[in-house]
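Biologist: I would like to learn how to read a ligand site and a loop residue. Could you walk me through them?

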Amino acid sequence: MTEARPRIWVSQPLFPDVVGRLREYFDVVETAQVTRHAPAQIAAALAACDGALVTLNDRIGAPEVAGAPRLRAIANVGVGYNNLDIAALTDAGILATNTPDVLTETTADFGFALMMAAARRITEAERWLRDGQWRQWSFETMLGMDLHRATLGILGMGRIGQGIARRAAGFDMRVLYHNRSRLPESLERECRAGYVDFDTLLAQADHLLLVLPYSPQVHHLIDAAALAKMKPTATLTNIARGGIVDEDALADALGSGRLAAAGLDVYEGEPAVNPRLLALRNVVLTPHIASGSLATRRAMVALAVDNLTAALGVGPDAGRPPTPINAAALAQAKPGLKRGA
Ligand code: GLV
């Protein structure tokens, strides 16, 4: 009797030619349309699977994996993984992986672009022009804030934050950062970035960029009190996670002129966007696309496929997934996990 092949659930449509590589080793159940899966649907999909390829739309914790005795690996297509309850997955002996590095430069490009769009009012100006409001050229139309030689504040100085700092050198910006831990001096020199405490970052940044990972500890870190410490001429750009910013406090600050402008790619209730933000002219709103270049999104799926294949003990990296989150789960692997050499 031939042994049944392990089964993989792919939660969202992802590049079929890249995902198709899984078929060499596994039976693959794909999802034809972008779907907001209810928790019960996720649990049902995982119940009969050995592995899953998921995205930030899919929240997975103890209830979703409780009825999935065969599930050994979840490959998240994204660098942030606050959609996964890592402690619960580790307890269940399920390895989780993410996709760092491959998206660093693309995401840094976008962070810079969003910050520039907010500072120079690019989308606001375009809406105004398309609305037919440009009746004659005026010297004072859509005056914005400069980036060159301004102070850039980066909150969260991981790989993407460092990529943004390197870009800032080309604009002759002064770069300040705050991070859970200070970078080694050599890296600070390379990024031409100076470490400051959180309040100093808020007070001195002309443009503040959020690139830190989400955790409950940083929920609404940027609240009314934090915004009140910023310069009224400053901009705030968030490419991290929506929950880090109190959106009502931000809408108050933008509406009252307490803050000049904002650029947001992420939202607390996405895909829903706070209607108060939608009504404001001085905020650039994009739909969580910071890593969205074609090449990078393909590379993210390819890395997730490699992770899943290796985590399930097959392929060239069998047993050694390139970017595990909870390597501890490998140590307490469920029976049946094939280990590579
Ligand atoms: C996108 O937000 C990601 O975490 O990759």
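Modeller: We will go through the ligand and then one residue of a loop, keeping in mind that this is a predicted model.

Biologist: Which residues surround the ligand?

Modeller: For a shell, we list residues with a heavy atom within 4 Å of the molecule. Here the ligand is surrounded by Leu 56, Gly 78, Val 79, Gly 80, Leu 103, Arg 241, His 288 and Met 300. By class, that shell has 4 nonpolar, 3 polar and 1 charged residues.

Biologist: Which residue has a side-chain N or O atom 2.6 Å from an oxygen atom of the ligand?

Modeller: For polar contacts, we look for N or O atoms within 3.5 Å of each other. The side chain of His 288 provides such an atom, 2.6 Å from a ligand oxygen. Backbone N or O atoms take part too: one of Val 79 lies 2.8 Å from an oxygen atom of the ligand, and one of Gly 80 lies 2.7 Å from a ligand oxygen. The ligand on its own has 190 Å² of accessible area, and the protein covers 88% of that.

Biologist: Now the loop. Where does Ile 289 lie?

Modeller: Ile 289 sits in the loop between β12 (283-285) and α13 (294-311).

Biologist: Why is Ile 289 called partly exposed?

Modeller: Partly exposed covers the range between 20% and 50% relative accessible area. Ile 289 is called partly exposed because its relative accessible area is 34%.

Biologist: Which residues does Ile 289 touch, leaving out those up to four places away in sequence?

Modeller: Ile 289 touches Phe 110, Asp 265 and Arg 297. As for Val 266, 23 residues from Ile 289 along the chain, the C-alpha atoms of the two are separated by 8.6 Å.

How values were computed
Residues are numbered from 1 along each chain as its sequence is written. This is a predicted model: local features need pLDDT of at least 70, side-chain atom pairs count only at pLDDT 80 or more; totals for chains, interfaces and linings use all residues. Side-chain values use heavy atoms; hydrogens and water are left out. Helices (H or I, at least four residues) and strands (E, at least two) are DSSP runs, numbered from the N terminus. Buried means under 20% relative accessible area, exposed over 50%, partly exposed in between (1.4 Å probe, protein chains only). Contact means heavy atoms within 4.5 Å. A polar contact is a pair of N or O atoms within 3.5 Å; within protein, one must be able to donate a hydrogen and the other to accept it, and residues adjacent in sequence count only if both atoms are side-chain atoms. Accessible areas come from the Shrake-Rupley method with a 1.4 Å probe; for residues, only the protein chains shown count as cover. Ala, Val, Leu, Ile, Met, Phe, Trp, Tyr, Cys and Pro count as nonpolar, Asp, Glu, Lys and Arg as charged, and the others, Gly among them, as polar.
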